[in-house]
Amino acid sequence: MTANVENYRAGHEAFNRRDFTAMTQHYAPGISWTDHAQGRTFGTPEEFRTEFLAGWLGVSSDIRISDAGYLDAGGTVVSTFTVSGTQDGPLGPFPATNREFTLPLCEMWHFDADGRVVGGDLYYDQATLLMQLGLMG
């Protein structure tokens with residue numbers, strides 16, 4: 001396993017422990033990390049931790065990453081994985097439904113020559129999530 005893949009895997013494990021500092025310890029000071037489903041880009045590890053990661057915990061306090069696979073493509077590592085949890089907090093304008101969800105994701109972390117994460121791209125289907133939560137029919 002390459003160092004980039006290992007750092008990515010360790011980041012997912014840190015997410016499941018809710019240790020966002022450990023998750024982003026290999027991030028460069030300036031990043032370009034985009035959640036494409038939401039159309040949001042984060043420019044620093046701090047923004048990523050406090051807005052993106054904390055935002056998902058606000059939606060689902062028990063959210064977990066599982067079944068992750070990693071594909072090393074040099075300066076980019078691609079991961080497919082599943083997140084699952086219970087929507088026990090608001091999701092945008094929608095109140096908590098207390099329904100469970102399971103959502104497949106595809107994510108890429110981009111690394112510089114020193115092994116620091118300089119960006120990322122996350123893709124998932126919001127309609128699938130909303131349907132599972134009973135918010136879209």
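Does R18 count as buried, partly exposed or exposed, and at what relative accessibility? R18 counts as partly exposed, at 27% relative accessibility, where buried means under 20% relative accessible area, exposed over 50% and partly exposed in between, with a 1.4 Å probe and protein chains only. The model is predicted: local features need pLDDT of at least 70, side-chain atom pairs count only at pLDDT 80 or more, and totals for chains, interfaces and linings use all residues. Residues are numbered from 1 along each chain as its sequence is written, and side-chain values use heavy atoms, with hydrogens and water left out.

R18 sits in the loop between α1 and α2 (20-23); helices (H or I, at least four residues) and strands (E, at least two) are DSSP runs numbered from the N terminus. The phi angle of R18 is near 65 degrees, a positive value in a residue other than glycine. A positive phi, near 60 degrees, is also found at N98, again a residue other than glycine. N98 lies in the loop between β4 and β5 and is exposed, with a relative accessible area of 54%.

Strand β5 follows. E107 is placed in this strand. The residue is buried yet has no salt bridge, a term that requires a side-chain nitrogen of Lys or Arg within 4 Å of a carboxyl oxygen of Asp or Glu. The nearest side chain of opposite charge to E107 is that of R18, 13 Å away; here Lys and Arg count as positive and Asp and Glu as negative, while His and the chain ends are not counted. The E107 side chain does make polar contacts, with the side chain of H12 at 3.2 Å and with the side chain of W109 at 3.5 Å. A polar contact is a pair of N or O atoms within 3.5 Å; within protein, one must be able to donate a hydrogen and the other to accept it, and residues adjacent in sequence count only if both atoms are side-chain atoms.

C106 is also found in strand β5, and is partly exposed, with a relative accessible area of 27%. From C106 to Y124 the separation is 18 residues in sequence and 6.6 Å in space, C-alpha to C-alpha.

Y124 leads to the largest pocket, since it belongs with Q38, W56, L91 and Q126 to the residues nearest the pocket centre, out of 14 in the lining. Two elements, α3 (45-59) and α4 (126-132), give two or more residues to this lining, and α3 has the largest share, with five. By type, the lining residues are eight nonpolar, four polar and two charged. The pocket holds about 230 Å³ of space.

The whole structure has one cavity of 30 Å³ or more, with about 150 Å³ of space. On a 1 Å grid over the protein atoms alone, a cavity is a set of points where a 1.4 Å probe fits but cannot get out, and a pocket is an open set with protein on both sides within 12 Å along at least five of seven lines; lining residues have an atom within 4 Å of a point. Grid points are joined across faces, edges and corners, and a volume is the space filled by probe spheres set on the points.Of the 14 residues lining the cavity, F15, F52, I65, F81 and V83 lie nearest its centre. α3 gives the largest share of this lining, three residues. The cavity lining divides into twelve nonpolar, one polar and one charged, with Ala, Val, Leu, Ile, Met, Phe, Trp, Tyr, Cys and Pro counted as nonpolar, Asp, Glu, Lys and Arg as charged, and the others, Gly among them, as polar.
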